[in-house]
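Student: I'm new to this one and a bit lost. Could you pick a single part, take a close look at it with me, and then link it to the rest?

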Amino acid sequence: MLDLSKISVVLPSLDPDEKLTAVIDGLLEYGFTDIILINDGSKPENLHYFTEAAELHPEIHLLHHPVNLGKGAALKTAFRWYLENRPDGLGVVTVDGDNQHHPEDTRNCVEQMIKTNHLVLGVRDFSQPQVPPRSRMGNRITCGVFRVFCGLRISDTQTGLRAIPTEAMKTLVNVKGDRFEYETNMLLALKEYDIPWDEVKIRTVYIEENKSSHFRTVRDSWRIYKLILAHFFRYTISSILSALADEGLFTLLTLMLKNVCTGFMLTAIPTVGARVFSSLLNFFMNQKLVFKSNCSTGKALLRYYALAVPMLLMQLLCTHGLYLLLNIGANQVTLRSVIYAIVMVILFMVSYLVQQRWVFAYKNNTHNREVK
């Protein structure tokens, strides 16, 4: 028999209806004995659902936000209350108040968390026919972006059913974000803080095509995607700054050596000096600011230069090969420049992916996907 006495259910809600009552009844029926219910600034006409639930069920501890602060803020309010008031707790499980999470699935996620002490994501099957097209497409796009730009293979990036061990929560409660972007930041934090996690398959339930959702399509999507793409934006800025440093140092060294060196040496010394400095600058910016890697500097540096040399050769071979293949002569300067730019963009993306997955890969990554 699964002991749920040291598990708290975190249930944030905004302007609820009778579905909140059904969620609470289902959780109690399946053995949950501690529910942290958060009113995130609901309208006065909806407040009776909270007060009635708290009065009827002693298992509920009710928290209030006087105004709507967002789902992320509601989750963090509950997490802080849990950490202060449940010192012996094993963890929490977050559940949405729209009755789209079956209590049996909630139990299964908690069981997996207790067994492994990993954070557990309850993931849906978006290929099911009842999934609204907007949700299906949104999840596919977001999963793809997570995989390409963040190196995280997550089956359901939108899930609100998450079982979180206490130790992981101590880190996640400090993650930035007050609205829906907080849940995305939680996923990004799994990699940044090397938090082990599993996935458990759950039912795919959509009630009235998710019309009760408070997700604001444009504003909240922008909040989420700018977080996911932040690594790539930082990588782009790092590359631009490194290129400017390369050009600037090359010019400075040339001016300093023009009366000392001549011919090949006047080209070679500034080129080598500028490239060494700019590449080291790029390496440390990527390690500390872009990928925030915890791998050893020595190993990462060796991998970085092991990547840089083949990339330079690929650049030369691809560019010159296309010139030959397309019969582009030396006088076709504009076309040659276009080809050069296309090759550089492709290699830029390849370099980003290789650096993310190999050069700055996290050591001791304990991510374990046990999908039920």
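Tutor: Let's start with one helix and its partner, then visit some other places along the chain.

First, some ground rules: this is a predicted model, where local features need pLDDT of at least 70, side-chain atom pairs count only at pLDDT 80 or more, and totals for chains, interfaces and linings use all residues. Residues are numbered from 1 along each chain as its sequence is written, and side-chain values use heavy atoms, with hydrogens and water left out.

Our pick is helix H11, residues 297–325. The labels come from DSSP runs numbered from the N terminus, with helices (H or I) having at least four residues and strands (E) at least two. H11 has 29 residues, and from its first C-alpha to its last it reaches 41 Å, close to the 42 Å expected at 1.5 Å a residue. That expected span is 1.5 Å times one less than the number of residues.

Which residues of H11 are buried? They are Ala300, Tyr304, Leu307, Met311, Gln315, Thr319 and Tyr323. Here buried means under 20% relative accessible area, exposed means over 50%, and partly exposed is in between (1.4 Å probe, protein chains only). As you read those numbers, keep this in mind: an α-helix has 3.6 residues a turn, so residues three or four places apart point the same way.

Now for the partner, helix H12 (333–359). H11 and H12 pack at about 155 degrees, and their axes are 10 Å apart. That angle makes H11 roughly antiparallel to H12. The axes are lines fitted to C-alpha atoms, over the stretch in contact for helices, and angles run from 0 to 180 degrees between N-to-C directions. Under 35 degrees counts as roughly parallel, over 145 as roughly antiparallel, 65 to 115 as roughly perpendicular, and the rest as oblique. The crossing is right-handed, meaning the near helix is turned clockwise from the far one by less than a right angle; anticlockwise would be left-handed.

Who touches whom? Contact means heavy atoms within 4.5 Å. On the H11 side, the residues that meet H12 include Tyr304, Leu307, Met311 and Tyr323. Across from them in H12 are, among others, Ile339, Val343, Leu347 and Trp358. The residues of this contact divide into 18 nonpolar, 4 polar and 2 charged. For that count, Ala, Val, Leu, Ile, Met, Phe, Trp, Tyr, Cys and Pro are nonpolar, Asp, Glu, Lys and Arg are charged, and the others, Gly among them, are polar.

Between H11 and H12 there's a loop, and Asn327 sits in it. Its phi is near 55 degrees, a positive value in a residue other than glycine. At 66% relative accessibility, Asn327 counts as exposed.

A positive phi turns up just after helix H4 too, where Asn117 takes about 60 degrees. The 14 residues of H4 (103–116) should span 20 Å, and the end C-alpha atoms are 20 Å apart, which agrees. Among the buried residues of H4 are Thr106, Cys109, Val110 and Met113. The buried residues of H4 pack against several elements, including strand E1 and helix H1.

That brings us to Asp15, in the loop between E1 (7–13) and H1. Phi of Asp15 is near 50 degrees, again positive in a non-glycine residue, and this residue is partly exposed at 23% relative accessibility.

H1 (18–29) has a partner of its own: helix H2 (48–56), at about 25 degrees, with axes 9 Å apart. H1 and H2 are therefore roughly parallel, and they cross in a right-handed way. In H1, Glu18, Leu20, Thr21 and Ile24 meet Tyr49, Phe50 and Ala53 of H2. The contact residues there are 5 nonpolar, 1 polar and 1 charged.

Phe50 also touches Asn39, which is in strand E2 (35–40). Asn39 is buried at 3% relative accessible area. Beyond its neighbours within four places in sequence, its other contacts include Ser13, Leu63 and His64.

One last stop: where is Thr157? Thr157 is in the loop between helix H5 (133–150) and strand E6 (162–165). At 7% relative accessibility, Thr157 counts as buried, and among the residues it touches are Asn139, Phe146 and Leu187.
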